[in-house]
Structures are given as structure tokens and as C-alpha cells.
Amino acid sequence: MAAEGEYESILCVKPDVNVYRIPPRASNRAYRAADWKLDSPDWSGRMRITAKGKVAFVKLEDTSLRWELFAQAPIKEYPGVAVETVSDSSRYFVLRIQDDNGRSAFIGVGFGDRGDAFDFNVALQDHFKWVKQENELSKSAQLGDSGPKLDLGFKEGQTITLNIGQGKKRDKPRPQGSGGFGLLPPPPGGKIAPPPSSGSSNHNIVPQTGDMATGCLLELDSSNSNTVVQSNASSDLWGDFSAPASSVPPPSRPQNAGNWIQF
């Protein structure tokens, strides 16, 4: 039965229901509503379906006596012996009613509308579907409590180390210059070659790095861009270059104190 502290909820209310006395069932065959006196019901009133805990109650209340309880049928499972259908109609059922002393009897109930019979059936089905889910959850909780538990606690003397915000930084190469490209070192003497004139735009000036005092430079002949002239043979770091047969003698060095050759 339901516990004392549980509240009672209303599942369904039907204002018009008929009650019939039914003959005892002689065999195990299903009930038939045609065996009842359907034209003259033995009682008429209101049906109210309530639930208290997992037990449902079908209560028949007398409308002429301020809803006084006429009979009730406690239902612990559905379908079951407390509520049975008949074989020849969907509007009639057989209820097993009980009094406070535990005595029981079987009566027939019927609805004038099929929709009321459908609501009666669905109300009981929904309640016991919920009861089934509650039983499964309770079993799962019991199995979870009795099963092995995973111990995630720290053992005595066990410690852990957390490194938060102390990840190893990557050594990124520092960008050289504003554009990120490496800049060439300045030429010997700290002077920058002037831009070539328009008349000698096809000649290249190649400074030779070496001793600051000697100022070794490679001179290109203005008449032949493929001729390489060594300005100082004694301090040449690259070795002697043999001039081609048709080489032209190099022009005289201009009287310029700078280390760059001007063409």
C-alpha cells in the first residue's frame, strides 16, 4: 500500500459512469458485457482515479450525497486482476472493489461514450508506466551502490605538481631590420657608393671586402663589362685573373680620395 507521508494526486475524473452486478464467472473465459443488464444499471455516479505513491485507486462517488464514496478498487498493477476488460466491448470493464476490512467483490462498470473509456484506460497505463520506470531507477541505484567503487582520493603522502602558465617558450629568431630581412654590412671606409649615372647604367660596381688600408676593389672596364681589373695585385684575396686576349688596358684611376670607382 501507499506510505502515510505520500500525497494523493488525481489522474482522471469522469462524471458519468454506470455500475452493474455481474454473475459469478463459472470458468476462466473472459467476461462478456452482453450477460449484464445494460439497460438497467444498479448504480450511477462519478468515477475518480487517484494515485498515492505507486498504487492507483478507482473511486466511485455518489453525486447525490455530496461525493460520498460508494466503493473503491485499489490497483497495484495494470493490466491485472483488479481491472479486466470484457471480450465484446471496449466501453465496459470489471473492477475488484475492496472495503476497509479487506473484503472484495467484482462489479461491472461502463461508460456511455468510448472517449471516456479510452481516457480511463490511458490514465491507468500512464501511471503504471511511471511506476515501471521508478522501479528500474531504484534497481540501478542499488546495483550502483553495491558495485565496486573507484577510489580517486589521494593516498597518504601522495602529492601532485601543477605547472600553470610556465610552459617552455619557443626561441624565436629576432627579426633583423624593419622588414625582417638581414641587412648587409656597410662597405669598407664607411662610404656609400653614389648611384650610377645614366651613361653607365649597364656597368656593375662590385666592392671587394678585405683589408681596410689596402682598399682592394674590383674594377670593371667601361668598355667591356666582362673584364675584371684587380686594383691591387699584391693584396688580392681571390688570386690572379688572366685577362682575355682582347682585353683593353684599364683606365687611369681618377684623382678621387674615395675607395669607390666612378665611371
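User: Which residues form one aromatic cluster in this structure?
Analyst: This is a predicted model. A search of the whole structure finds seven aromatic pairs. One aromatic cluster is formed by Tyr-20, Trp-36 and Tyr-92.

User: Trp-43 and Phe-70 also bring their rings together; how is the pair classed?
Analyst: A pair of aromatic rings is described by the distance of the centres and the angle of the planes. Here the centres of Trp-43 and Phe-70 are 4.4 Å apart. Their planes meet at 10°, and the cut-off for this class is under 30 degrees. The pair is therefore stacked.

User: How many residues apart are Trp-43 and Phe-70 in the chain?
Analyst: Trp-43 sits in strand E2, residues 43-52. Phe-70 belongs to strand E4, residues 68-75. The pair thus links distant parts of the chain, 27 residues apart.

User: Is Phe-70 buried, partly exposed or exposed?
Analyst: Its partner Trp-43 has a relative accessible area of 13%, so Trp-43 is buried. Phe-70 has a relative accessible area of 44%. That value lies between the cut-offs of 20% and 50%. Phe-70 is therefore partly exposed.

User: Which residue lies over the face of Trp-67?
Analyst: Trp-67 lies in the loop between E3 and E4. At 45% relative accessibility, Trp-67 counts as partly exposed. At 3.9 Å from the ring centre, the residue over its face is Arg-46.

User: What is unusual to check in the backbone of Trp-67: is its phi positive or negative?
Analyst: Trp-67 is a residue other than glycine. Its phi is near 60°. The value is positive.

User: Which residue forms a salt bridge with Glu-61?
Analyst: Glu-61 lies in strand E3, residues 55-62. Its partner is in strand E2, 15 residues apart from Glu-61. The closest N and O atoms are 2.3 Å apart. The partner is Arg-46.

User: Are Glu-61 and Arg-46 buried or exposed?
Analyst: Buried means under 20% relative accessible area. Glu-61 has 4% relative accessibility. Arg-46 has a relative accessible area of 16%. Glu-61 and Arg-46 therefore both count as buried.

User: Which residues does Glu-61 touch, not counting residues up to four places away in sequence?
Analyst: Arg-46 is one of them, and the side chains of Glu-61 and Arg-46 also make a polar contact at 2.3 Å. The aromatic residues already met above are on the list too: Trp-43, Trp-67 and Phe-70. The list is Trp-43, Gly-45, Arg-46, Arg-48, Trp-67, Glu-68, Leu-69 and Phe-70.

User: How many residues apart in sequence are the parts that Lys-14 and Asp-119 tie together?
Analyst: The structure holds nine salt bridges. One of them joins the side chains of Lys-14 and Asp-119, at 2.7 Å from N to O. Lys-14 is in strand E1 (residues 8-21) and Asp-119 in helix H1 (residues 114-146), so the distance in sequence is 105 residues.

User: Which of these two, Lys-14 or Asp-119, counts as buried?
Analyst: Asp-119 has 31% relative accessibility, so Asp-119 counts as partly exposed. The other partner has 10% relative accessibility. The buried one is Lys-14.

User: Which residue forms a salt bridge with Arg-25?
Analyst: Arg-25 lies in the loop between E1 and E2. The partner lies in strand E5, residues 83-85, so the pair ties together parts 59 residues apart in sequence. The closest N and O atoms are 3.5 Å apart. The partner is Glu-84.

User: Which element gives the most to the largest nonpolar core?
Analyst: In soluble globular proteins, nonpolar side chains tend to be buried together. The largest nonpolar core here has 27 residues, with Met-47, Ile-75 and Phe-120 making the most contacts inside it. E1, E2, E3, E4, E6, E7 and H1 each give two or more residues to this core. With six residues, the element that gives the most is H1.

User: How many residues are in the other core, the one that includes Trp-36?
Analyst: This core lies apart from the largest one. Among its members are Ile-22, Trp-36, Tyr-92 and Val-94. Its count of residues is eight.

User: Which residues does a cis peptide bond join?
Analyst: The bond has an omega of about -5°. Its proline lies in the loop between E4 and E5. The residues are Tyr-78 and Pro-79.

Notes
Residues are numbered from 1 along each chain as its sequence is written. This is a predicted model: local features need pLDDT of at least 70, side-chain atom pairs count only at pLDDT 80 or more; totals for chains, interfaces and linings use all residues. Side-chain values use heavy atoms; hydrogens and water are left out. Rings of Phe, Tyr and Trp (its six-membered ring) pair if their centres lie within 6.5 Å; planes under 30 degrees apart count as stacked, over 60 as edge-to-face and the rest as tilted. Helices (H or I, at least four residues) and strands (E, at least two) are DSSP runs, numbered from the N terminus. Buried means under 20% relative accessible area, exposed over 50%, partly exposed in between (1.4 Å probe, protein chains only). A charge sits over a ring if NZ of Lys or CZ of Arg is within 6 Å of the ring centre and within 35 degrees of the ring normal. A salt bridge is a side-chain nitrogen of Lys or Arg within 4 Å of a carboxyl oxygen of Asp or Glu. A nonpolar core is a set of buried Ala, Val, Leu, Ile, Met, Phe, Trp, Tyr and Cys residues joined through side-chain atoms within 4.5 Å. A polar contact is a pair of N or O atoms within 3.5 Å; within protein, one must be able to donate a hydrogen and the other to accept it, and residues adjacent in sequence count only if both atoms are side-chain atoms. Contact means heavy atoms within 4.5 Å.
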